[in-house]
Amino acid sequence: QVQLVESGGGLVQAGGSLRLSCTASRRSSSGYVMGWFRQAPGKEREFVATISRSGENTYYSDSVKGRFTISRDNAKNTMYLQMNSLKPEDTAVYSCAARGSYYIDRYYSSVGDFNSWGQGTQVTVSS
């Protein structure tokens, strides 16, 4: 497992942008598939985006596709989520997650696939 710390959340108006960061504690995060999930009040945690170890393969939920971009910088042990055209329904606590993987181009998208989680960062989008 690896320790993860998110940053970059905040309050933004609808249509605005935010960039979230997730930094891993290990010397090298390149051995981990990583992802972003979110949980709104009264709702279950849901998948947002995931990225393979190499960074070459990404996958998004339909609700954020075309608006959010996931990326990673393995040299900095950091993953990012660029969120554009934000909507009030994007309001949630966003958490990053990681899991080890032998394959460099594989990704995962289920909560149960990941075994390391950050504490989360609040994103609030006002209308």
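Let's start with the salt bridges: this structure, which is a predicted model, holds four of them. As a reminder of the idea, side chains of opposite charge can pair when their charged atoms come close.

Look for arginine 38. Which side chains does arginine 38 meet in a salt bridge? One of them is glutamate 46, with N and O 2.6 Å apart. Another is aspartate 90, at 2.9 Å from N to O. Now see where that second pair sits: arginine 38 is in strand S4, while aspartate 90 is in the loop between S8 and S9, so this pair ties together parts that are 52 residues apart in sequence.

Are arginine 38 and aspartate 90 buried or exposed? Both are buried. For arginine 38 the relative accessible area is 6%, and buried means under 20%, so the label follows from the number. Glutamate 46 has 36% relative accessibility and counts as partly exposed, because that value falls between the 20% and 50% cut-offs.

These residues also belong to something wider: Arg38, Glu46, Arg67 and Asp90 are linked in a network of salt bridges.

There is also a salt bridge between aspartate 62 and lysine 65, where the closest N and O atoms are 3.3 Å apart. Aspartate 62 is exposed, with 67% relative accessible area, and lysine 65 is partly exposed at 49%.

Now for the cysteines. How many disulfides does a search of the whole structure find? It finds one. In general, a disulfide is a covalent bond between the sulfur atoms of two cysteines. Here the partners are cysteine 22 and cysteine 96, with their sulfurs 2.1 Å apart. The pair links distant parts of the chain: cysteine 22 is in strand S3, residues 18–24, and cysteine 96 is in strand S9, residues 92–100, which puts them 74 residues apart. If you look along the S-S bond, the angle about it is 65 degrees and the link is right-handed. Cysteine 22 and cysteine 96 are both buried.

Let's stay with S3 for a moment, the strand that holds cysteine 22. Five of its seven residues are buried, so S3 is largely enclosed by the rest of the structure. Which strands pair with S3? Strand S1, residues 4–7, pairs with S3 in the antiparallel sense over four bridges, and serine 7 stands opposite serine 21 in S3. S8 pairs with S3 as well, antiparallel again, over six bridges. In that pairing, leucine 20 has leucine 81 in S8 as its bridge partner. When you follow strands like these on screen, remember that in a regular strand the side chains alternate between the two faces of the sheet.

Leucine 81 takes us to the nonpolar core. The largest one has 28 residues, and Trp36, Leu81, Met83 and Tyr94 touch the most other members. Elements giving two or more residues to this core include S3, S4, S8 and S9, along with strand S11, residues 121–126. Pick out tyrosine 94 and leave aside its neighbours within four places in sequence: its contacts include Leu20, Trp36, Leu81 and Met83, and also Arg38, the arginine from our salt bridges.

There is a second, separate core of six residues, including Val33, Phe37, Phe47 and Tyr108. Where does tyrosine 108 lie? Tyrosine 108 is in the loop between S9 and strand S10, and at 10% relative accessibility it counts as buried. Its C-alpha atom is separated by 7.8 Å from that of glycine 35, although the two are 73 residues apart along the chain. Beyond its sequence neighbours within four places, tyrosine 108 is in contact with Val33, Phe47, Thr50, Arg99, Ser101, Asp113 and Phe114.

One last stop is the backbone. Most residues other than glycine have a negative phi. Asparagine 77 has a positive one, near 55 degrees, and sits in the loop between S7 and S8. Serine 85 also has a positive phi, about 50 degrees, and its place is the loop between S8 and S9. Which of these is buried, and which is partly exposed? Asparagine 77 is buried, with a relative accessible area of 9%, whereas serine 85 is partly exposed at 41%.

Conventions: Residues numbered from 1 in each chain as written. Predicted model: local features only at pLDDT ≥ 70, side-chain atom pairs only at ≥ 80, totals over all residues. Heavy atoms only, no water. Disulfide = S-S within 2.5 Å. Buried < 20%, exposed > 50% of the residue type's maximum accessible area, 1.4 Å probe, protein only. Core = buried A, V, L, I, M, F, W, Y, C linked by side-chain atoms within 4.5 Å. Contact = heavy atoms within 4.5 Å. Salt bridge = Lys/Arg side-chain N within 4 Å of Asp/Glu carboxyl O. Pairing = 2+ DSSP bridges.
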